[in-house]
Amino acid sequence: MAGPLKRSKMGRRKTRPEPHFVYPCCDYLTLSERGRHLICPICFWEDEDIYHDTNPREPSAANHGLTLAEGRDNFKTVGACEAAMLPHVLPKEDRAAYLYFPLKD
Ligand SMILES: [Zn+2]
């Protein structure tokens with residue numbers, strides 16, 4: 001006799017409100033694509049390569065040699081991936097327009 005039908009993973013979708021990606025630097029949902037050198041309006045990290053997600057201590061050329069780990073630290077302390085980018089990022093009160101998925105680290 002046949003067991004219960006196993007649903008393929010394809011049929012199930014993670015419930016994310018929009019087909020966007022969480023930015024690896026600030027954990028806000030701002031990315032429409034990954035690895036396409038999109039710049040996050042919230043932290044100003046440039047999404048050079050998904051590679052940095054798993055290698056956060058690897059310097060990112062697109063981010064002036066900054067590592068993703070440094071970018072995350074900077075975002076927490078100064079509010080941008082590096083202090084020099086502060087004039088370009090969204091003011092804190094405008095971040096509410098984006099969903100936030102903070103990672104525990
Ligand atoms: Zn960001």
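1. Once its neighbours within four places in sequence are left aside, Cys-26 is in contact with Cys-40, Ile-42, Cys-43 and Phe-75. The model in which these contacts are found is a predicted one, and the points below should be read with that in mind.

2. Cys-26 also belongs to the largest nonpolar core, which has 16 residues. Among its members, Tyr-23, Cys-25, Cys-26, Cys-40, Cys-43, Phe-44 and Cys-81 touch the most other members. In soluble globular proteins, nonpolar side chains tend to be buried together.

3. On confidence, the chain has a mean pLDDT of 86, and 80% of its residues reach 70 or more. Strand β4, at residues 66-67, has the highest confidence with a mean of 97, whereas strand β1, at residues 21-22, has the lowest with a mean of 90.

4. Two residues other than glycine deserve a look for their backbone angles. Asp-27, in the loop between β1 and β2 (29-31), has a positive phi near 70°, and this residue counts as partly exposed because it has 19 C-beta neighbours inside 10 Å, where 20 or more would make a residue buried. His-64, in the loop between β3 (59-60) and β4, likewise has a positive phi, near 55°, but His-64 counts as exposed because it has 12 C-beta neighbours inside 10 Å.

5. Leu-99 lies in the segment after α2 (68-78), and its C-alpha is 8.0 Å from that of Thr-30, although 69 residues separate the two in sequence. Leu-99 has 15 C-beta neighbours inside 10 Å and therefore counts as partly exposed.

Key:
Residues numbered from 1 in each chain as written. Core = buried A, V, L, I, M, F, W, Y, C linked by C-beta atoms within 7 Å. Contact = placed C-beta atoms within 7 Å. Helix = DSSP H or I, 4+ residues; strand = E, 2+ residues; numbered from the N terminus. pLDDT = per-residue confidence, 0-100.
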